[in-house]
Amino acid sequence: MKNNMLRTALASAVLIFATSFAATAGSGEKFISVDKLPSTAQKFIAQHYPSEAVISVQKEVDKDKDYQVIFKNGSEILFDNSGKLRKLTVGKDATLPSSLSSALPAAIGNYLKDNYAGAAITSLEPDGKGWRVGVAGQTIKLVFDKKGQYLGAGK
């Protein structure tokens, strides 16, 4: 009886492990170390998050081969396969590094100060034509051109 219970428990543990492994194996992502990121992404992290601990780096092995970096403060960055920023999401209890906010066109900062005084930036998405900026308390993204001129709101 005791051996049957032990076998059942062992078989259950193996089944759970195999199921969870199979679920992640086909996900198209693999964990890598920061030093395996493209150099452009490594420089971005060193410049804007020099003292923030990285807790996870994943490389998408299917589709676009993007990289996702998750920091201890909850912030997440998505880089394309060459290491260029695709999206940055600021963690719930974190703030956008001043090195990043000062790198944005001044017109974006002025627009936010005039229209969303005191609201924190929650996300940044460069799109080649400009920026999509998420602001605390808003469900929409604010869209700006490369010079920082406000173009409207989007999803």
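Me: What is the bridge partner of Leu-78 in β5?

Reply: In this predicted model, Leu-78 has Lys-87 of β5 as its bridge partner. Another bridge into β5 joins Glu-76 to Thr-89.

Me: How do you know that β4 and β5 pair, and in which sense?

Reply: A pair of strands requires at least two bridges. Between β4 and β5 there are four bridges, in the antiparallel sense, so the criterion of at least two is met. The hairpin of these strands has five residues between them, and within that hairpin Gly-83 takes a positive phi near 95 degrees.

Me: What makes β3 and β4 a pair?

Reply: Here too four bridges are found, and the strands run antiparallel; the requirement is at least two, so β3 and β4 count as paired. Val-69 has Ile-77 of β4 as its bridge partner. The hairpin of β3 and β4 has four residues between the strands, and Gly-74 has a positive phi near 95 degrees.

Me: What makes β5 and β6 count as paired, given two bridges?

Reply: The threshold is at least two bridges, and strand β5 (residues 85-89) and strand β6 (residues 121-126) have two, so they qualify as a pair. Their sense is antiparallel. In this pairing Leu-88 has Leu-124 of β6 as its bridge partner.

Me: In what order do the nine strands form the open sheet?

Reply: The order is β1-β2-β3-β4-β5-β6-β7-β8-β9, with antiparallel pairing. The edge strands are β1 (29-31) and β9 (150-154), each of which pairs on one side only. On average, neighbouring strands of the sheet are turned by 20 degrees against each other, direction ignored. The chain as a whole has four helices and nine strands.

Me: Which residues make up the covered face of β4, and which the uncovered one?

Reply: Ile-77 and Phe-79 belong to the covered face, whereas Glu-76 and Leu-78 belong to the uncovered one. In a regular strand, side chains alternate between the two faces of the sheet. Helix α2 lies across β3 (67-71), β4 (76-79) and β5, and runs at about 155 degrees to β4.

Me: Why is His-48 called buried?

Reply: The relative accessibility of His-48 is 10%. Buried means under 20%, so His-48 falls in that class. His-48 is found in helix α2 (residues 39-48). Leaving aside neighbours within four places in sequence, His-48 is in contact with Pro-97, Ser-99 and Leu-100.

Me: What makes the approach of the side chains of His-48 and Ser-99 a polar contact?

Reply: The side chains of His-48 and Ser-99 make their polar contact at 2.6 Å. The limit for such a pair of N or O atoms is 3.5 Å, so the distance of 2.6 Å satisfies it.

Me: Why is the pair of Tyr-49 and Phe-71 called stacked?

Reply: A pair of aromatic rings is described by the distance of the centres and the angle of the planes. For Tyr-49 and Phe-71 the centres are 4.5 Å apart and the planes are at 20 degrees. Centres within 6.5 Å make a pair and planes under 30 degrees apart make it stacked, so both conditions hold. Tyr-49 lies in the loop between α2 and β2 (54-60) and Phe-71 in strand β3, 22 residues apart, and the pair links distant parts of the chain. Tyr-49 and Phe-71 are buried.

Me: What makes the pair of Tyr-111 and Phe-144 edge-to-face?

Reply: The rings of Tyr-111 and Phe-144 are 5.5 Å apart centre to centre, with 75 degrees between the planes. The angle is over 60 degrees, so the pair is classed as edge-to-face. Tyr-111 belongs to helix α4 (residues 106-115) and Phe-144 to strand β8 (residues 141-145), 33 residues apart. Tyr-111, Tyr-116, Phe-144 and Tyr-150 form one aromatic cluster. In the chain, the count of aromatic pairs comes to six.

Me: How do you know that Phe-144 is buried?

Reply: Phe-144 has 1% relative accessibility; the class begins under 20%, so Phe-144 counts as buried. Of the 155 residues of the chain, 35% count as buried.

Definitions and conventions: Residues are numbered from 1 along each chain as its sequence is written. This is a predicted model: local features need pLDDT of at least 70, side-chain atom pairs count only at pLDDT 80 or more; totals for chains, interfaces and linings use all residues. Side-chain values use heavy atoms; hydrogens and water are left out. Buried means under 20% relative accessible area, exposed over 50%, partly exposed in between (1.4 Å probe, protein chains only). A polar contact is a pair of N or O atoms within 3.5 Å; within protein, one must be able to donate a hydrogen and the other to accept it, and residues adjacent in sequence count only if both atoms are side-chain atoms. Contact means heavy atoms within 4.5 Å. Axes are lines fitted to C-alpha atoms, for helices over the stretch in contact, and angles run from 0 to 180 degrees between N-to-C directions.
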